[in-house]
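Student: Hi! I'm new to this one, could you walk me through it?
Tutor: Happy to, let's look at it together.
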Amino acid sequence: MQIIRFPDFSDAVSILARPQADTLGRQAQVAGMLAAVKAEGDVAVRRFAAQFDGAAPDRFEVPASDFEKAERVLPKSLKNAIRQAYLNIKTFHATQQEQPQVVETMPGVRCWRKSVPIERIGLYIPGGSAPLFSTVLMLGVPAQIAACADIILCTPPGPDGAVHPAILFAAQCCGIQRVFKVGGVQAIGAMAYGTEMVPQVWKIFGPGNPWVTTAKQLVSLEGTAIDLPAGPSEVAVLADAGANPAFVAADLLSQAEHGADSQVLLVTDSEDLIPAVHAALETQLAELPRRDIAALALAHSRVLLVSNLTEGMRWINAYAPEHLILQVNDFESVASKVINAGSVFMGPYTPESAGDYASGTNHTLPTGGYARAFGGVSLDSFVKKITFQQITPEGLQTLGPVVTEMAEAEGLRAHAQAIRVRLNATLYP
């Protein structure tokens with residue numbers, strides 16, 4: 001990790017820059033693949049599956065027998081862990097349900113808002129080097145609570161042509177019955193446009209590699225909604241002299257192992273903590289199965305030594321991390337100063353991995369600085385907020401002159417006329 005001591009905030013843009021990639025070249029290739037899926041349907045999906053996944057099944061949809069087998073082969077301990085995580089995530093997200101509140105803005109004018117589930121939802125679950133069955137819960141649980149009518153799931157098959165049993169078991173916990181063995185760009189295209197086998201959806205959720213992310217962004221330009229801009233995973237840790245170096249190192253590595261393009265950032269006001277964390281990183285890295293991936297991520301990550309925690313929080317808010325871990329003594333006070341972050345983990349015994357799996361909060365979060373303007377996935381992500389209003393004749397007599405005055409001032413005579421014809425009918429029935 002690159003160590004930058006007492007950085008000048010005027011250099012924040014370059015210091016906090018994320019790893020860059022050839023986005024223009026990727027966009028052109030992804031656009032071509034999406035166009036092929038749109039024009040050829042399953043033929044193109046199967047062709048790309050054979051090319052990139054090494055498996056092109058005749059039927060994409062997972063049969064019911066595979067769900068039954070998944071429950072049989074998974075260890076009991078893992079099934080119990082998934083069930084507990086499901087309950088925690090459900091408990092947290094259920095509190096986000098809202099009941100309509102009718103507001104009388106003036107006598108006879110009633111307005112309210114109602115949450116209506118998005119009917120057709122598509123979930124994308126990566127299944128390559130790490131089958132993310134935890135993401136099935138993070139997306140499937142709020143979709144289930146929202147009562148979305150049709151929920152499908154796409155995930156790439158393994159080398160044996162089958163979907164990982166933990167993904168199927170987690171889907172079953174969430175009531176998801178339709179799972180398709182399709183991954184990559186072709187899965188996003190299939191869900192966005194619909195094919196003979198894969199139904200079209202109105203909104204696509206889920207993380208993925210840069211190709212999947214680009215595909216989601218491109219289909220969103222054509223009318224398919226997506227959850228949020230999501231790129232390589234990232235974490236920022238704010239730590240003081242009292243932080244446990246082993247804890248800090250473990251949190252940094254928990255994100256670094258996601259991918260070579262992941263980024264971790266340590267901000268501290270303690271010079272002595274830096275070599276202690278470095279030593280802990282070397283020790284823990286050697287024990288990781290994905291050590292080579294984590295080492296590549298650490299190579300383009302940074303440590304910022306700052307004068308005090310107030311300055312540290314200035315750097316953190318400028319970075320706007322996906323995950324923020326506060327390993328500082330007065331973490332509650334420091335947490336009150338957080339402005340930009342996807343999810344915050346407070347205190348030495350709150351590792352980021354708890355939120356990734358089972359504490360209850362959602363791990364689908366904005367990356368790449370989008371936390372300045374986006375929040376993470378929640379129950380609201382799966383519903384539309386539709387407003388309703390109802391005006392009585394008496395209410396229109398009071399509100400009508402306000403509307404006609406404004407409409408005439410904007411030169412929209414028909415808008416004003418829509419009020420006047422009703423007022424005339426009311427006054428002179």
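Tutor: One term to start with: a cavity is a set of grid points where a 1.4 Å probe fits but cannot get out. Keep in mind that this is a predicted model.
Student: Okay, how many cavities of 30 Å³ or more does the structure hold?
Tutor: Just one. The space in the largest cavity comes to about 30 Å³.
Student: Which residues line the largest cavity?
Tutor: The lining consists of Ile15, Leu16, Ala17, Gln263, Val264, Leu265, Ser301, Arg302 and Tyr319. Sorted by class, six of the lining residues are nonpolar, two are polar and one is charged.
Student: And which strand gives the most to that lining?
Tutor: Strand β10, residues 263-268, with three residues.
Student: Switching topic: is helix α8 enclosed or open?
Tutor: Helix α8 spans residues 184-193, and 10 of its 10 residues are buried, so it is largely enclosed by the rest of the structure. Among the buried ones are Val185, Ile188, Met191 and Tyr193.
Student: What do they pack against?
Tutor: The partners of the buried α8 residues include helices α2 (23-40) and α9 (210-220), along with strands β4 (120-124) and β5 (150-154). After α8 comes Gly194, with a positive phi near 80°.
Student: What about the sheet, in which order do its five strands run?
Tutor: The order is β6-β5-β4-β7-β8, in an open sheet with parallel pairing. At the edges sit β6 (178-180) and β8 (225-226), each pairing on one side only.
Student: How many bridges join β7 and β8?
Tutor: Two, in the parallel sense. Ile204 has Ile226 of β8 as its bridge partner.

Technical notes:
Residues numbered from 1 in each chain as written. Predicted model: local features only at pLDDT ≥ 70, side-chain atom pairs only at ≥ 80, totals over all residues. Heavy atoms only, no water. 1 Å grid on protein atoms, 1.4 Å probe; cavity = no way out; pocket = protein on both sides within 12 Å on 5 of 7 lines; lining within 4 Å. Points joined across faces, edges and corners; volume = space filled by probe spheres on them. Helix = DSSP H or I, 4+ residues; strand = E, 2+ residues; numbered from the N terminus. Nonpolar A, V, L, I, M, F, W, Y, C, P; charged D, E, K, R; others polar. Buried < 20%, exposed > 50% of the residue type's maximum accessible area, 1.4 Å probe, protein only. Contact = heavy atoms within 4.5 Å. Pairing = 2+ DSSP bridges.
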